Amino acid sequence: MSEIALAADFAIIVVVATVIGLIARQTGQPTIIAYILTGILLGPVAFDIVTDEGLVELMADLGFAFLLFLLGLKMRFDDIREILPAVTNVAFGQTVLQTALAFLVAWALGFGTVEILVIALATVFGATPIIVKILTDKDEITSLPGKIDVGVLIVQDIYLVIVLALFATDELGGAADIASTLGIILLMMSFIGIFSLLSSRYILPGLFRRIADNKDVFLIVAIAWAFLFVAIAEGADLDPKVGAFLAGISIAQLPYSKELEDRITPITDFFILVFFATIGLQIDGLSSLLAYWWQAIVASIVLMVGNFWIMFYLIDREGFGVETSFLGSLNMVQVSEFSLIVGALAIEQGYIGSDVLGYLSLMALLTMSVSTYLIAYNHAIYERLEPWFSRFDADDKKDADVSTYDGHAIAIGYDEITEQALALLEDHYSEVVVIDRQTDHIEELESEGRYEFVFGDFRHTEVRKEANLKGAAFVLSSSVEREVNEALLAEVADDATVFVEAERIGDARALYDRGATYVIMTSHLAAEKLSEYVELYVTDRNAFDDAVVRDVERVRGRHRRSADRLEARSTRIDPASTGDSDADGTSGGESDG
Amino acid sequence: MAEELVIALAVVFVTAGVLSLIANQFGLSPIPFYIIAGLIAGRFVTEAEIVVLAQWGIAFLVFAFAIRIDFGDVETVLRDAEVAAVTQLIVVAPIAFGVGYLFGDLFGFADPVRNAVYFGAAVVLSSSLVGGVLLGTEIRQNLVHGRLASSIHFFDDLVAIALLLVLSTEVVTADAIAAQIGYGVVLVVVGLGIYRHGFPLLVRLADGDSELVLVGSISILIAFLAAAEYVGLSIVVGAFAAGVAIRSDGTQALEVQNGISSITDFFTAIFFVTVGALVAFPSLEVLAIAGALSALVLFVNPLVHLLSFVYEGYDARTAFLAGSSLNQVSEFALIIAIQALLMGTIADPMFDAIILAAAVTMVLTFLARRTEDVVYETVVARLFRGQHTRKVDERSSVDELSEHVVVVGYGRIGRRIVETLEEHDTPYVVVENDPVLWTELDAECRNYVLGDALAAYTWEKARVGDARLVCSTVDHRPVSEMVLDLETDADVMLRSSSAEDASELLDAGATHVAVPDVLAGEQLIATVEDLAAGETEPDELERAQRDYFRTLERYGFATRDERV
């Protein structure tokens with residue numbers, strides 16, 4: 001039996017990274033630093049135990065691809081459309097100005113002409129994975145500064161593809177050659193982009209509606225979709241990560257994307273760890289790292305400050321508020337690990353030596369480490385410096401506000417129990433949000449249009465965040481699973497009213513201990529009612545008949561209402577969808593028993 | 001170069017994705033379709049790295065399985081089905097071994113005994129992954145045969161792990177096996193130790209960062225795998241011990257579970273596709289072996305199960321339904337096969353045959369489901385009718401009754417109703433099919449019939465013709481319809497989980513249909529209104545409920561094994 005753990009490089013990386021990560025956590029450092037440190041320790045710089053080949057390289061690539069897939073999942077077209085013009089301007093301006101600044105700094109430090117060119121080209125990129133990872137973890141990726149940064153990063157990625165293509169061609173012929181390569185690249189990208197858009201509108205909704213109920217198939221098909229784009233991009237010699245991003249965007253428009261986010265995130269987290277480690281692994285060795293050490297420090301400081309101001313000026317110029325400009329610029333001050341890739345390519349082509357690569361690596365390391373802290377504490381830093389920056393403030397600045405629910409009522413699971421309560425809740429609370437895991441329920445809600453809804457399993461953090469569980473005033477859970485309800489009670493605000501369900505008395509007691517306002521014991525209730533009815537049957541037949549008539553009315557009323565809704569929905573498109581999926585009837589918020 | 005690997009993985013997932021769409025369309029489990037995807041895409045997936053990833057799939061599969069085990073459940077689960085499980089081992093295993101050995105001899109395999117063991121394992125063990133999907137609804141509805149089948153699955157999984165432990169030596173001698181078992185036990189004990197102390201330490205150090213807990217859990221898996229490899233054990237044992245070490249409770253439990261489940265799904269898809277990819281184009285030998293395997297799994301297994309369940313006292317229908325959901329090759333058999341392939345101890349035709357048979361039986365088991373009821377009515381019921389009648393007579397106690405109430409199902413609701421009836425001195429009969437409840441029925445009920453609610457004789461015995469009310473507490477449509485079709489003037493009260501079904505049942509003549517969620521919904525609204533109007537306080541509500549719980553417990557409604 002081959003040795004998959006003992007001899008596997010990535011296994012060693014994971015274990016060491018965990019240990020360092022735990023230490024980092026205990027000492028209050030960001031985990032990304034720990035991961036990069038792992039790579040440095042295990043790689044040529046220190047112990048040289050692992051290499052970044054084979055499975056390690058695969059996982060690193062996958063990690064980056066999944067990260068961008070995840071990123072795409074969070075982007076809605078509408079969000080992007082609003083800021084697209086601004087982002088393009090900023091990205092353009094930033095590329096030009098930062099290249100110029102890097103050029104100046106390299107020239108001032110005394111590098112050779114070709115070296116200066118390479119350095120200038122290499123250091124213009126922001127570190128996408130670090131920015132995306134930290135912002136996602138802090139849940140700021142969909143804030144306005146986050147979106148601006150993401151937009152600029154994506155444009156940069158496209159620019160990077162072009163730069164890499166140019167570097168990779170064995171001879172840089174005349175301008176015609178360059179132009180045609182550029183043209184082909186842009187053409188292919190637009191093809192993929194259009195494919196993504198079209199499928200989002202025509203193919204995907206029907207496809208995903210069929211499978212969204214079956215969570216295993218859902219995940220695999222989504223991964224397959226991402227891989228499809230990656231393979232197409234890879235085959236067309238484009239950057240597979242941009243392909244993954246476009247795949248993510250195409251799914252982002254569907255209501256199922258939140259649920260998918262939660263399922264993809266753990267896979268991404270696992271692989272991206274390896275990726276961050278490979279950043280450290282790619283550094284050749286201690287000597288080349290330190291060859292230009294003081295130049296690297298000077299350059300890093302100058303570039304960080306310079307980049308910040310360039311970005312600030314550009315974003316501010318587009319009319320965004322001071323805080324947005326500040327945060328957006330602060331996130332982008334580092335030199336990306338791409339500089340290492342560009343550098344490595346440049347060495348292959350003989351444009352620079354390994355010492356210059358060491359200089360680039362050191363700069364990348366320094367700026368990435370510092371900026372990790374900067375991004376992690378960005379709000380705190382802004383608050384500290386706010387008085388000084390308010391001079392840039394003007395009244396006519398535009399800043400979109402992210403709307404979330406507050407003081408609302410949440411119903412987990414759309415079934416017989418919760419349905420009756422929804423109308424009542426509507427009267428008492430500003431908004432009603434329903435979380436459910438079944439596509440046909442979500443469609444019912446959509447067509448009714450009365451309540452807000454979130455498709456997903458309540459077990460998943462993204463879903464809870466989307467519904468803003470922390471800000472809810474009333475929560476009704478029709479799940480009988482104890483762990484789900486306990487998680488609910490742990491996260492909800494102290495003064496919120498929480499109604500949960502339970503099947504066993506032991507569970508009910510535990511839930512009361514954890515702060516539930518009321519525990520519904522459905523089957524005990526049914527037992528009570530039925531035994532009451534039986535009692536009436538044997539003692540007072542008339543009373544029994546009355547009670548039964550009332551109940552029957554209620555049941556038929558419920559059925560009539562849902563039948564009406566069903567009819568209203570079926571007069572819409574898609575006659576081919578079936579409502580039956582008894583192969584896997586699991587759901588997140590439905591009552592059992 | 002990572003590019004080729006990425007393309008290979010892309011092929012794996014895209015084919016898996018497309019085929020799982022097909023599976024979903026027909027309501028089948030996607031697992032056999034992953035295998036089929038591998039059969040199709042095999043030529044493009046040849047990299048050694050992909051096989052390594054597939055082995056990680058094995059590790060994660062077993063890891064996830066072991067995490068889910070609740071040791072408290074082990075006892076209850078095994079108690080349900082020990083006779084059937086052991087009987088199958090004793091009866092079917094030798095037959096399978098014999099057939100396998102014959103093939104080995106016939107086709108000239110290098111080590112016919114070992115190959116026969118692999119063949120036998122493939123026949124005897126049934127699949128918990130596929131079977132679990134198959135039985136999803138039944139288990140949720142708490143039907144007896146669902147419970148029985150999942151017990152057998154669980155038992156088979158444990159047997160499989162033990163088998164993998166023994167089979168990880170290349171040369172099977174008593175010493176080697178003893179050493180293996182020794183190491184295996186040590187690993188599991190270490191796992192238990194980490195469960196007690198190590199894992200809580202990890203959670204504490206991670207300080208609320210669930211990503212670190214997730215990565216930490218995987219590191220534990222890696223550590224155990226490395227240990228297993230170091231002493232020459234199968235990685236399955238390492239993965240099992242690692243799974244034992246992970247706690248599935250606590251504040252981060254949900255997130256960590258979700259994380260491990262996602263990563264497991266990713267790797268296990270690769271595993272199943274790779275397994276299919278490793279199959280060469282089937283020769284006549286392969287087809288013969290696969291055919292025999294499938295025949296044994298599809299027909300002999302269920303038969304043996306049926307007989308042993310009936311012997312244990314279950315009614316024929318339950319026994320048949322449970323047995324027929326056990327007729328597929330287990331994914332653990334696939335793991336045994338692939339481990340053997342990597343060790344070089346299995347003949348190629350045998351390997352191919354096991355994989356093919358697995359895919360075939362997993363698909364057929366779903367299709368067989370559709371025809372289950374028909375097969376039961378036409379074949380099994382006839383055969384067992386006499387025996388059923390006798391059994392019912394033996395295990396019932398019914399006096400001369402008329403104008404009585406027939407209560408179907410002795411779960412929570414049934415017991416409550418019986419209590420009420422006793423209070424009012426009304427004659428009644430309880431109809432229940434779970435033999436585990438026989439002693440309770442005998443002790444607590446004046447009249448009862450232990451038999452299948454879907455068989456006519458049971459109702460005859462319960463004298464339903466003279467009854468005034470039939471009250472079914474079972475949420476199972478066939479039972480409800482059976483009750484409505486009875487030859488009786490009695491009023492009919494049924495139970496259903498959806499208002500839609502209830503409406504249909506009312507149309508068909510039911511006097512009343514209890515939809516527990518609707519009932520609960522009304523009380524819920526009343527309570528919410530009271531709270532909002534300030535007519536009651538949360539404290540009061542809680543107090544009232546807790547009193548209610550105490551009352552219920554006094555009546556004995558709160559035991560762990562309680563059927564709902």
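User: In this predicted model, which residues of α14(B) are buried?

Analyst: Happy to start there. The buried residues of α14(B) are A316(B), R317(B), T318(B), A319(B), F320(B), L321(B), A322(B), G323(B) and S324(B). Helix α14 of chain B spans residues 316-324, and 9 of its 9 residues are buried, so the helix is largely enclosed by the rest of the structure.

User: What do those buried residues pack against?

Analyst: They pack against three helices of chain B: α8 (144-167), α13 (284-312) and α16 (348-394).

User: And which residue caps the N-terminal end of α14(B)?

Analyst: That is D315(B). One of its side-chain oxygens lies 3.2 Å from the backbone nitrogen of R317(B).

User: Let's turn to loops. Where is S234(B) found, and is it buried or exposed?

Analyst: S234(B) is in the loop between α10 (210-230) and α11 (235-245) of chain B. Buried means under 20% relative accessible area, so S234(B), with 2%, counts as buried.

User: What does the side chain of S234(B) reach?

Analyst: One partner is the backbone nitrogen of V236(B), at 3.0 Å. The side chain of S234(B) also makes a polar contact with the side chain of Q339(B), at 2.4 Å. If you set aside residues up to four places away in sequence, S234(B) touches L164(B), S168(B), A228(B) and Q339(B).

User: Which loop holds G27(B), and is G27(B) buried or exposed?

Analyst: G27(B) sits in the loop between α1 (2-25) and α2 (31-41) of chain B. Its relative accessibility is 18%, and the cut-off for buried is under 20%, so G27(B) counts as buried. For a sense of distance, G27(B) and V392(B) are 365 residues apart in sequence and 36 Å apart in space, C-alpha to C-alpha.

User: How far apart are the C-alpha atoms of Y118(B) and I346(B)?

Analyst: They are separated by 8.1 Å, although the two residues are 228 apart along the chain. Y118(B) belongs to helix α5 of chain B, residues 112-124, and is buried at 2% relative accessible area.

User: Which residues is Y118(B) in contact with, leaving aside neighbours within four places in sequence?

Analyst: Its contacts are L167(B), I336(B), A340(B), T345(B), I346(B) and I354(B). With T345(B) there is a polar contact between the two side chains, at 2.9 Å.

User: Now strands. How do I read the directions of the side chains?

Analyst: The general idea is that in a regular strand the side chains alternate between the two faces of the sheet. Take β2(A): V432(A), V434(A) and D436(A) point one way, V433(A) and I435(A) point the other way, and all are buried. Strand β2 of chain A covers residues 432-436, and with 5 of 5 residues buried it is largely enclosed by the rest of the structure.

User: Which strand is joined to β2(A)?

Analyst: Strand β1 of chain A, residues 409-412, is joined to β2(A) by 4 bridges, and the two run parallel. Within that pairing, A411(A) has V434(A) as its bridge partner.

User: What does β2(B) look like in chain B?

Analyst: In β2(B), Y428(B), V430(B) and E432(B) point one way and V429(B) and V431(B) the other, and all are buried. This strand spans residues 428-432, and 5 of its 5 residues are buried, so β2(B) is largely enclosed by the rest of the structure. Its partner is β1 of chain B (residues 405-408), joined to β2(B) by 4 bridges in a parallel arrangement. There, V407(B) stands opposite V430(B).

User: Stepping back, how many helices and strands are in chain A?

Analyst: Chain A has 25 helices and 6 strands. It has 593 residues, of which 58% count as buried. Among its contacts with a separation of 6 or more, 72% come from residues 24 or more positions apart.

User: Finally, how many residues does each chain bring to the contact between chain B and chain A?

Analyst: Chain B brings 121 residues and chain A brings 115. Together they bury about 11000 Å², with 68% of that on carbon and sulfur atoms.

User: How many salt bridges and polar contact pairs cross the interface?

Analyst: There are 7 salt bridges and 27 residue pairs in polar contact. By class, the side of chain B that touches chain A has 66 nonpolar, 29 polar and 26 charged residues. One salt bridge to look for joins R556(A) and D507(B), whose closest N and O atoms are 2.9 Å apart.

Key:
Residues numbered from 1 in each chain as written. Chains lettered and ligands numbered in written order. Predicted model: local features only at pLDDT ≥ 70, side-chain atom pairs only at ≥ 80, totals over all residues. Heavy atoms only, no water. Contact = heavy atoms within 4.5 Å. Buried area = accessible area lost by both parts, 1.4 Å probe. Salt bridge = Lys/Arg side-chain N within 4 Å of Asp/Glu carboxyl O. Polar contact = N/O pair within 3.5 Å; in protein donor to acceptor, adjacent residues only side chain to side chain. Nonpolar A, V, L, I, M, F, W, Y, C, P; charged D, E, K, R; others polar. Buried < 20%, exposed > 50% of the residue type's maximum accessible area, 1.4 Å probe, protein only. Pairing = 2+ DSSP bridges.
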